[in-house]
Amino acid sequence: MVNTNNNEHGTKPGLEKEIRTDFQKDMSYGDYLHLDKILSSQHRLSDHHDEMLFIIIHQASELWMKLILHEITAATECIRRNDLDSSFKMLSRVSRIQQQLIQSWSVLSTLTPAEYMEFRDKLGHSSGFQSYQNRLIEFALGNKNAHTLLVYQHQTELYEKLNEALNQPSIYDAAIRALALRGLPIDQEALERDWSQNYEPNASVEEAWLTVYRNVDQYWDLYELAEKLVDIGSQQQLWRFNHMSTVERIIGHKQGTGGSSGVTYLKRALDHHFFPELWSLRTKL
């Protein structure tokens, strides 16, 4: 019989000598990550086992969204400086993060309708619709809607932050300006528009992107930027679809806790396409 408690020399296994064990004065892993705060922030409002799943899924999603905003903000600034190469790694990271968010819906879908009904009433009127980080992501990608700010009017600092984002150029606006800086003709109305309004397709922008796609060698960096944006737009749509599908699986067509029409509202959101000319040009190539 093999003695699993001893190694080949007959002595009990232990830590390597250089592994630090005294953290009275030094920062530990838990200290650095503030795990005491993170892991003590799951407060169930019911005694139901599955409420923990519901809380953690949404908290983890908000952390991933924070990282998306961190990367998109930096990438947009790189594009504004016409430093497209530096933005590519950040945009690739965003699409990988989006995959994590998409996958989280499959974990949440293990929550059955009967289980959710055991604690749904405890949520009151709180709803994922109120996620300000998701709203900031939508704004950063060009989906602007001033009416959504009403949800945050009770929080002055947050309302001002969202209002500022509403009135800032999106990453797609920065990309369009990059086209113009390379000498591609862009209508002035696409370059100097009301940033608080949802982006509308423009013929000159589509023609500029068509030029890029027809002359890949000449405009390789713009071509690469376009494809990075297509990746992100596609993943955002997939995240929306999986969100809608998971909600329908769990609550059917009930009204959302925040007062929305639930699945009906989420299905309407799927009609919006990010970066429209990057999709329409494919038909014309």
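In which helix is D173 found? D173 sits in α8, the helix running over residues 171-181. Keep in mind as you look around that this is a predicted model.

D173 is a good place to get your bearings. With a relative accessibility of 5%, D173 falls under the 20% cut-off and therefore counts as buried. Looking past its neighbours up to four places away in sequence, you'll find D173 touching R193, W195 and Y199.

Hold on to Y199, since it takes us to the aromatic rings. There are 10 aromatic pairs in the structure. One of them joins Y172 to Y199, with 5.2 Å from centre to centre and 90 degrees between the planes, an edge-to-face arrangement. The two partners come from distant parts of the chain: Y172 belongs to helix α8, while Y199 is in the loop between α9 (188-191) and α10 (203-214), and 27 residues separate them. Both Y172 and Y199 are buried.

Y172 has another ring partner, F275. Here the centres are again given as 5.2 Å apart, but the planes stand at 45 degrees, so the pair of Y172 and F275 is tilted. This pair also links distant parts of the chain, with Y172 in helix α8 and F275 in the loop between α12 and α13, 103 residues apart. How much of Y172 is left accessible? Its relative accessible area is 1%, so Y172 counts as buried. Step back a little and you can see that ring pairs tie Y172, Y199, F274 and F275 into a cluster.

F275 deserves a second look for its backbone. Its phi is near 50 degrees, which is a positive value in a residue other than glycine. F275 lies in the loop between α12 and α13 (276-284), and with a relative accessible area of 2% F275 is buried.

Now swing over to N82, another non-glycine residue with a positive phi, in this case about 65 degrees. N82 comes just after α3, in the loop between α3 and α4. Is N82 buried or partly exposed? Its relative accessible area is 38%, so N82 counts as partly exposed.

From N82, step back into α3 itself. How far apart are the end C-alpha atoms of α3? They are 43 Å apart. At 1.5 Å a residue, the 30 residues of this helix should span 44 Å, so the model agrees with the expected value.

On the other side of that loop is α4, and helix α4 is where you'll find Q98. Q98 has a relative accessibility of 3%, so Q98 counts as buried. Leaving out neighbours within four places in sequence, Q98 is in contact with I68, D231, I232, Q235 and Q236.

That brings us to the pockets. The largest pocket holds about 1400 Å³ of space. Its lining is made up of 47 residues, and H58, S127, G128, F129 and H243 are the ones nearest the centre. Which elements supply at least two residues each to this lining? They are α3 (51-80), α4 (84-108), α6 (132-140), α11 (220-251) and α12 (263-269). Of the contributors, α3 gives the most, with nine residues. By type, the lining of the largest pocket divides into 19 nonpolar, 21 polar and seven charged residues.

The second largest pocket encloses about 480 Å³. It is lined by 21 residues, and closest to its centre are L69, T73, L136, A140 and A165. Two or more lining residues come from each of α3, α6 and α7 (156-166). The largest share here is from α3 as well, at eight residues. This lining splits into nine nonpolar, six polar and six charged residues.

So where does the tour leave us? Helix α3 gives the most residues to the lining of the largest pocket, and the largest share of the lining of the second largest pocket comes from α3 too. Elsewhere, the ring cluster brings together Y172, Y199, F274 and F275, and D173 touches one of its members, Y199.

Conventions. Residues are numbered from 1 along each chain as its sequence is written. This is a predicted model: local features need pLDDT of at least 70, side-chain atom pairs count only at pLDDT 80 or more; totals for chains, interfaces and linings use all residues. Side-chain values use heavy atoms; hydrogens and water are left out. On a 1 Å grid over the protein atoms alone, a cavity is a set of points where a 1.4 Å probe fits but cannot get out, and a pocket is an open set with protein on both sides within 12 Å along at least five of seven lines; lining residues have an atom within 4 Å of a point. Grid points are joined across faces, edges and corners, and a volume is the space filled by probe spheres set on the points. Helices (H or I, at least four residues) and strands (E, at least two) are DSSP runs, numbered from the N terminus. Ala, Val, Leu, Ile, Met, Phe, Trp, Tyr, Cys and Pro count as nonpolar, Asp, Glu, Lys and Arg as charged, and the others, Gly among them, as polar. The expected span of a helix is 1.5 Å times one less than its number of residues. Buried means under 20% relative accessible area, exposed over 50%, partly exposed in between (1.4 Å probe, protein chains only). Contact means heavy atoms within 4.5 Å. Rings of Phe, Tyr and Trp (its six-membered ring) pair if their centres lie within 6.5 Å; planes under 30 degrees apart count as stacked, over 60 as edge-to-face and the rest as tilted.
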